[in-house]
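Me: I would like to go through a structure with you, mainly its helix packing and its core. Could you take my questions one at a time?

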Amino acid sequence: MDIEQKQAEHIDFFVKQASALKGSALTSVIVEATSHPSLFAFSEILSVPSVLELGGNENSVYLDLLRLFAHGTWSDYKSIAGRLPQLASAQALKLKQLTVLTLADTSKELPYDQLMQELDVTNVRELEDFLINECMYVGIVRGKLDQLKRCFEVQFAAGRDLRPGQLGNMLQTLTDWLTTSDNLLVSIQEKIKWADTMSESDRKHRKEVEERVDEVKKSLSLKKLQTVSRPMLTSEGMRRSTLNLVE
């Protein structure tokens, strides 16, 4: 089962749970969702009306916590840790995994020094173990650890939830891509049409050459036939012709 299918099942489970609860009862659902080892998307849970109602009351810190896991990083958490519930070890691990996804979205070559700083990792061995065991093995990223260049080369990374306002930029990017694709398609069609025209021209030219060759062959055959059909004088015939001329 691929990661996308797993995500869909887990999201559906937590959305149903959140939809059936209100107020402080939702805090345990949020903690469970942000601690789940196979859940990396939270926008659908955030959109549940009862979850949004947590804003502005004593449980609003859990709404902020869920938003952090949807869009934030480990560095973001450290800057506002005093205003959020303390993270359990599973939540801290999850947020660091999400941080790798965010970094992988901005660059396909992540320097070890940057990763160690963003993840609060003290040495390369610890970083590589984290990338292998907690990221690549889990299936959220694929890539190559380049010890010589001291970087992680990203080949694939699961997508994160879109930040507010990102949808418009994504739609514009897709629109630009569609326009470029349409222009490329028109160019390809024009080249195909040109190639068809040239091919037809070549066929006509080849046919004309073949017809001319056939005419030449026929002409040469006719001349050869005429030459062969002329009467040939024998030596006796030539002698008699000569006597006749003398007489």
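Reply: The exchange below deals with helix packing, the nonpolar core, the cysteines and one serine. Please keep in mind that this is a predicted model.

Me: Let us start with α5 and α7. At what angle do they pack, and how far apart are the axes?

Reply: Helix α5 covers residues 60-71 and helix α7 covers residues 89-106. Their axes are 8 Å apart and meet at an angle of about 40°. The angle is neither under 35 degrees nor within 65 to 115, so α5 counts as oblique to α7.

Me: Which residues make that contact?

Reply: From α5, the residues are L65, L68 and F69. From α7, they are Q91, K94, L95 and L98.

Me: And how does the contact divide by class?

Reply: The contact of α5 with α7 has 5 nonpolar residues, along with 1 polar and 1 charged.

Me: What about α2 against α7, at what angle do those pack?

Reply: Helix α2, residues 25-35, packs on α7 at about 55°, with the axes 8 Å apart. That angle makes α2 oblique to α7.

Me: Which residues meet there?

Reply: On the α2 side they are V31, A33, T34 and S35, and these meet A90, Q91 and K94 in α7. By class, this contact has 3 nonpolar, 3 polar and 1 charged residues.

Me: Turning to the core, which residues touch the most other members?

Reply: The largest nonpolar core has 48 residues, and those touching the most other members are F42, I45, V51, L95, L127, L131 and F152. Helix α7 gives the most to this core, with 7 residues.

Me: Take L127, then. What is it in contact with, beyond its sequence neighbours?

Reply: Leaving aside neighbours within four places in sequence, L127 contacts Y112, L115, M116, L119 and V121.

Me: Changing topic: how many disulfides does the structure hold?

Reply: The structure holds 0 disulfides.

Me: Is C135 buried or exposed? And C151, buried or exposed?

Reply: C135 counts as buried because its relative accessibility is 0%. C151 is likewise buried, since its relative accessible area is 3%. The cut-off for buried is under 20%.

Me: Last one. Where does S28 lie, and what is its relative accessible area?

Reply: S28 lies in helix α2. Its relative accessible area is 47%, so S28 is partly exposed. S28 and A18 are 10 residues apart in sequence, and their C-alpha atoms are 9.8 Å apart in space.

Conventions. Residues are numbered from 1 along each chain as its sequence is written. This is a predicted model: local features need pLDDT of at least 70, side-chain atom pairs count only at pLDDT 80 or more; totals for chains, interfaces and linings use all residues. Side-chain values use heavy atoms; hydrogens and water are left out. Axes are lines fitted to C-alpha atoms, for helices over the stretch in contact, and angles run from 0 to 180 degrees between N-to-C directions. Helices (H or I, at least four residues) and strands (E, at least two) are DSSP runs, numbered from the N terminus. Angles under 35 degrees count as roughly parallel, over 145 as roughly antiparallel, 65 to 115 as roughly perpendicular and the rest as oblique. Contact means heavy atoms within 4.5 Å. Ala, Val, Leu, Ile, Met, Phe, Trp, Tyr, Cys and Pro count as nonpolar, Asp, Glu, Lys and Arg as charged, and the others, Gly among them, as polar. A nonpolar core is a set of buried Ala, Val, Leu, Ile, Met, Phe, Trp, Tyr and Cys residues joined through side-chain atoms within 4.5 Å. Buried means under 20% relative accessible area, exposed over 50%, partly exposed in between (1.4 Å probe, protein chains only). A disulfide is a pair of cysteine sulfur atoms within 2.5 Å.
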